[in-house]
Amino acid sequence: MNEELRRKLKGEETAFGLWVTSEAPAVTEVAAILGLDWICIDMEHGYLDYRAIAGHLTAARGTDMSVIVRPPSHDLEPTKRALDLGAHGIILPLVENADELRAAHDNVFYPPKGRRGIGGERSVTWGLALEEYVKTANDDIMLIPMIETRQAAENFDDILAVEGTETIFLGPGDMSASYGYVGQWEGPGIAELNLNLLARAREAGVSTGIVARHTDEAIQRRDQGFGMVSLGSDIGLMIRQIRSMAEALGKSPVGHRWF
């Protein structure tokens, strides 16, 4: 679990991934076939439920691709259920201080590291591999806090210092909003702030992830030293490609029938 992703992060290689927002498991299957290193199944926004998560995890079975879930909140219930379904890790939204991250450890990890309960669901192969799973889960599972508010930036060094923090993920859009630039991806000063957070994380031995909006930005983020770079979302990539083809064909992709 997460062996290949961790290998790249520790070797300071960039691991490319995909934000999954649709329920179709074929998205995950194709992502694995194309050699992506990780996907994030997004429950914070949109409509994905636990049945959709199970489908994506099944599609990734037998591959080296990490399947990480972003739950809708810090609560125990969504985190526990995503992990019981077999998720390889959690990207935790809106972490603003070290105490919130420490509390999340309780929900993600088994005793003595946390207080996650032991169940007999998909993660332990319906109980058939319970002993093997619980023996290594605390070491295998990744807990990745999202740094996406002004308060998180102000508490950044304390968050980095939480024991076991190996990767953080930046959210430029929400960070911009928290500084008063709602609707901007990187408002005034936010690009510089993100690079400052990247440098401080690297100094602490922690890798950093971020979402890219297009190919040139993915290349830029790789060259800046980001460890995890999302190529975008499944639906976003489809829109990007259709729009590009429509413009090349002299059509608007909105409001016109193609055929």
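How many of the six residues of β1 are buried? In this predicted model, five of the six residues of β1 are buried, so the strand is largely enclosed by the rest of the structure. Strand β1, which comprises residues 15-20, pairs in the parallel sense with strand β8 (residues 228-233) over four bridges, and in that pairing W19 stands opposite S233. Four bridges also join β1 to β2, and these two strands run parallel, with W19 standing opposite C40 of β2. Between β1 and β2 the chain passes through helix α2 (residues 25-33), and the resulting β-α-β crossover is right-handed.

The aromatic side chains were examined next. A pair of aromatic rings is described by the distance of the centres and the angle of the planes. Four aromatic pairs were counted in the model. One of them is formed by W19 and F169, whose rings are tilted, with 5.4 Å centre to centre and 50° between the planes. This pair links distant parts of the chain, since W19 belongs to strand β1 and F169 to strand β6 (residues 167-170), 150 residues apart. W19 counts as buried because its relative accessibility is 8%, below the 20% limit for that class, and F169, at 0% relative accessibility, counts as buried as well. The ring of F169 also pairs with that of W38 in an edge-to-face arrangement, at 6.0 Å centre to centre and with 75° between the planes. Here too distant parts of the chain are linked, W38 lying in strand β2 (residues 38-42) and F169 in strand β6, 131 residues apart. W38 has a relative accessibility of 0% and therefore counts as buried. Through these ring pairs, W19, W38 and F169 are linked into a cluster.

Aromatic rings are also approached by charged side chains. The charged end of R81 sits over the ring of Y50, 4.1 Å from the ring centre, while K113 lies over the face of F109, at 4.0 Å from the centre of that ring.

A further buried position is found in helix α3, which spans residues 50-60 and contains H56. Because the relative accessibility of H56 is 0%, this residue counts as buried. When residues up to four places away in sequence are not counted, H56 touches V20, S22, E23, A24, P25, T28 and I41. Of these contacts, V20 falls within the residue range of strand β1, P25 and T28 within that of helix α2, and I41 within that of strand β2.

Terms used:
Residues numbered from 1 in each chain as written. Predicted model: local features only at pLDDT ≥ 70, side-chain atom pairs only at ≥ 80, totals over all residues. Heavy atoms only, no water. Buried < 20%, exposed > 50% of the residue type's maximum accessible area, 1.4 Å probe, protein only. Contact = heavy atoms within 4.5 Å. Phe/Tyr/Trp six-rings, centres within 6.5 Å; stacked < 30°, edge-to-face > 60°. Lys NZ or Arg CZ within 6 Å of the ring centre and 35° of its normal. Pairing = 2+ DSSP bridges. Right-handed = clockwise from strand over helix to strand, strands pointing away.
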